[in-house]
Amino acid sequence: MHPGSITLHSGPLPGALGQITAWHGGYYGREWGFSMGFEIEVARQLADFVERCQPGRDLMLLAQDGRQMVGAVVIDGGVGHGEARLRWFIVAPNQAGRGIGGRLLDQAMTFCRQTGFSRVSLWTFAGLDVARRLYDRAGFQLAEARQHDDWGRPVLLQRLAVELVGS
């Protein structure tokens, strides 16, 4: 299918929690050597988000190709003080290069601006170059970096942030 066949759906759908968790566990386990602890952390935190999700403050945005889910991103507006957190941004491994990630990120940032958040932050780690290019294009800048060893191999965690006031 061509890129125009991708639609974006706001809100959780049945199977989304499992699919997002599976993509994260599979990709980061296979490509980065992360332990099951990482997948467990994603599953717990994502389930917690869905249970407390408030429309108008939070967003789960799913990319679909027909009825198949092919990507996702979450905006967690429960951070407080006018800040939102971008989380669980991922595209199905067999869908890379179709522009899905860019569309998801653009729509998520539009939601943040329309909702009135003054700042958006996210956690990533050094080496995720494709995602980092998208974050840079959206105006994110490095705010903090620290070594992290809890997922079976050391990574340099990076907190990125963008100010939305006046944008």
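**Exercise 1. The largest pocket**

Task: In this predicted model, which residues lie nearest the centre of the largest pocket, and how many residues line the pocket?

Solution.
- Start with the lining. The largest pocket is lined by 40 residues.
- Go to the centre. Tyr28, Phe89, Leu128, Ala131 and Tyr135 lie nearest to it.
- Add the volume. The largest pocket holds about 1100 Å³ of space.
- Sort the lining by chemistry. It divides into 24 nonpolar, ten polar and six charged residues.

**Exercise 2. Elements around the pocket**

Task: Find which element supplies the largest share of the lining of the largest pocket.

Solution.
- List the contributors. Helices H1, H2, H3 (100-115) and H4 (129-137) each give at least two lining residues.
- Strands E4, E5 and E6 (141-148) also give at least two each.
- Pick the top one. E4 provides seven residues, the largest share.

**Exercise 3. Helix H1**

Task: Compare the reach of helix H1 with its expected span, then state what its buried residues pack against.

Solution.
- Take the limits. H1 covers residues 16-32, which is 17 residues.
- Compare the lengths. From first C-alpha to last, H1 reaches 23 Å, close to the expected 24 Å.
- Name the buried residues. They are Ala16, Ile20, Thr21, Trp23, His24, Gly25, Tyr28 and Trp32.
- Find their partners. These buried residues pack against helix H2 (36-52) and strands E2 (59-65), E3 (68-80), E4 (83-91) and E5 (119-125).
- Look just past the end. Glycine 33 follows H1 with a positive phi of about 70°.

**Exercise 4. Isoleucine 20**

Task: Is isoleucine 20 buried or exposed, and which residues does it contact beyond its neighbours within four places in sequence?

Solution.
- Place the residue. Isoleucine 20 sits in helix H1.
- Check accessibility. Its relative accessible area is 0%, so isoleucine 20 is buried.
- Read the contacts. Beyond those neighbours, isoleucine 20 touches Leu46, Met60, Leu62, Met69, Ala72 and Trp88.
- Add a distance. Isoleucine 20 and valine 155 are 135 residues apart in sequence, and their C-alpha atoms are 21 Å apart.

**Exercise 5. Positive phi outside glycine**

Task: Set histidine 81 beside tryptophan 88. Where is each located, and is each buried or exposed?

Solution.
- Begin with phi. Histidine 81 has a phi near 55°, positive although the residue is not glycine.
- Tryptophan 88, also a residue other than glycine, has a positive phi near 50°.
- Locate them. Histidine 81 is in the loop between E3 and E4, while tryptophan 88 is in strand E4.
- Judge accessibility. Histidine 81 has 85% relative accessibility and so counts as exposed.
- Tryptophan 88 has a relative accessible area of 8% and is therefore buried.
- Link back. Tryptophan 88 is one of the contacts of isoleucine 20.

**Exercise 6. Cysteines without a bond**

Task: Explain why cysteine 112 forms no bond with cysteine 53.

Solution.
- Recall the bond. A disulfide is a covalent bond between the sulfur atoms of two cysteines.
- Count. The structure holds zero disulfides.
- Take cysteine 53. It is in no disulfide, and the nearest cysteine sulfur, in cysteine 112, is 13 Å away.
- Apply the cut-off. A disulfide needs the sulfur atoms within 2.5 Å.
- Conclude. The sulfur of cysteine 112 has its closest cysteine sulfur, in cysteine 53, at 13 Å, so the pair is too far apart for a bond.
- Compare surroundings. Cysteine 53 is partly exposed at 22% relative accessibility, whereas cysteine 112 is buried at 0%.

Methods. Residues numbered from 1 in each chain as written. Predicted model: local features only at pLDDT ≥ 70, side-chain atom pairs only at ≥ 80, totals over all residues. Heavy atoms only, no water. Helix = DSSP H or I, 4+ residues; strand = E, 2+ residues; numbered from the N terminus. Expected span 1.5 Å × (residues − 1). Buried < 20%, exposed > 50% of the residue type's maximum accessible area, 1.4 Å probe, protein only. Contact = heavy atoms within 4.5 Å. 1 Å grid on protein atoms, 1.4 Å probe; cavity = no way out; pocket = protein on both sides within 12 Å on 5 of 7 lines; lining within 4 Å. Points joined across faces, edges and corners; volume = space filled by probe spheres on them. Nonpolar A, V, L, I, M, F, W, Y, C, P; charged D, E, K, R; others polar.
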